[in-house]
Amino acid sequence: MSAPSMTLYHNSLSPFVRKVMVLLHETGQTGRVALQDCVLTPVNPDLSLNEDNPLGKIPALRLADGTVIHDSRVILDYLDHQHVGNPLIPREGSARWRRLTLASVADGIMDASVLVRYELVLRDPQKHWDEYLDAQRDKIRRGLALLEKDAIAELTSHFDVAAISVACALGYIDLRHPDLEWREANPQLAAWYFEVSQRPSMLATMPKV
């Protein structure tokens, strides 16, 4: 087996990194990517990451020629063009925009979930901004409600960019915000997630605290 030709700035607890890892597993590309672990927060940057991505955010992917691409959406699109199987992001037409829109909803859920996590962990409890936390939690609930109402059939039909993104968002909520108890309000989404969470790609990328 040849040495990996790409390097991924990686943290197993990041839902955005997990999306990339799931796609690598689903498309048989894990051997092409070396993982460079980094631990960072908005107030504790990783200096080597900053050299490749001035925004200081993960994931970032260094290609064989030294080019660095980011964020997760760009990386997923790039990697989806590097394998010979069926694309996980539709190449054109209404299906492309619909699947990317569902993936964007999942990304928004992840964004809000990470922001809640930062507020709770990085800020002194006496300085927590309750209105801000409530607003972020409401974004999560609204996003999940949309998926429950309008997207179950589509998520079930293909484990593609939309399904991968939603699954990783739900996994992060379970990891960091079990108090949201999202399953009760979204039973169809819960049943779908129960099944897809057993996929080899999801099991292999399960966050380890």
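## Around helix α7: a conversation

Mentor: D160 is buried, its relative accessible area being 6%; buried means under 20%, exposed over 50% and partly exposed in between, with a 1.4 Å probe and protein chains only. The model is predicted, so local features need pLDDT of at least 70 and side-chain atom pairs count only at pLDDT 80 or more, while totals for chains, interfaces and linings use all residues. Residues are numbered from 1 along each chain as its sequence is written, and side-chain values use heavy atoms, leaving out hydrogens and water.

Trainee: Nice start! Which side chain does D160 meet in a salt bridge?

Mentor: A salt bridge here is a side-chain nitrogen of Lys or Arg within 4 Å of a carboxyl oxygen of Asp or Glu. The partner of D160 sits 2.7 Å away, N to O, and is buried too, at 6% relative accessible area. That partner is R99.

Trainee: How many residues apart in sequence are the parts that this pair ties together?

Mentor: D160 belongs to the loop between α6 (152-157) and α7, and R99 to helix α4 (residues 93-122). These labels follow DSSP runs numbered from the N terminus, with helices (H or I) of at least four residues and strands (E) of at least two. The pair therefore links parts whose separation in sequence is 61 residues.

Trainee: And by this rule, what does the count of salt bridges come to?

Mentor: Side chains of opposite charge can pair when their charged atoms come close. Another example is D174 with R183, whose closest N and O atoms are 2.6 Å apart; D174 is partly exposed at 27%, as is R183 at 38%. Shared partners also join K19, D71, R73 and D107 into one network. By this rule the count comes to 14.

Trainee: In the salt bridge of R123 with E119, how far apart are the closest N and O atoms?

Mentor: The two ends have their own surroundings: R123 is partly exposed at 40% relative accessibility, and E119 is buried at 7%. Their closest N and O atoms lie at a distance of 3.0 Å.

Trainee: Now the packing. Are α4 and α7 roughly parallel or roughly antiparallel?

Mentor: Axes are lines fitted to C-alpha atoms, for helices over the stretch in contact, and angles run from 0 to 180 degrees between N-to-C directions. The α4 and α7 axes come within 8 Å and cross at roughly 15 degrees. Angles under 35 degrees count as roughly parallel, over 145 as roughly antiparallel, 65 to 115 as roughly perpendicular and the rest as oblique. So the two helices are roughly parallel.

Trainee: Does α4 pass α7 in a left-handed or right-handed crossing?

Mentor: Look at how the near helix is turned from the far one, by less than a right angle: anticlockwise is left-handed and clockwise is right-handed. For α4 passing α7, the crossing is left-handed.

Trainee: How many nonpolar residues are in the contact of α4 with α7?

Mentor: Contact means heavy atoms within 4.5 Å; Ala, Val, Leu, Ile, Met, Phe, Trp, Tyr, Cys and Pro count as nonpolar, Asp, Glu, Lys and Arg as charged, and the others, Gly among them, as polar. Residues taking part include L100, A103 and M110 of α4 and V166, A169 and I173 of α7. Two are polar and four charged, and the nonpolar ones number 14.

Trainee: At what angle do helix α1 (residues 15-26) and helix α7 (residues 161-176) pack?

Mentor: Their axes are 9 Å apart. P15, R18, K19, V22 and L23 in α1 meet I164, S165, C168, G171 and Y172 in α7, and the contact divides into six nonpolar, two polar and two charged residues. The angle between α1 and α7 is about 135 degrees.

Trainee: Which peptide bond is cis, with omega near 10 degrees?

Mentor: Most residues other than glycine have a negative phi, and most peptide bonds are trans. One cis bond, with omega about 0 degrees, joins I58 and P59. The bond with omega near 10 degrees runs from H70 to D71.

Trainee: Finally, which residue has a positive phi of about 45 degrees although it is not a glycine?

Mentor: Try the loop between α7 and α8 (182-185). The residue there counts as exposed, at 56% relative accessibility. With phi at about 45 degrees, the residue is E181.
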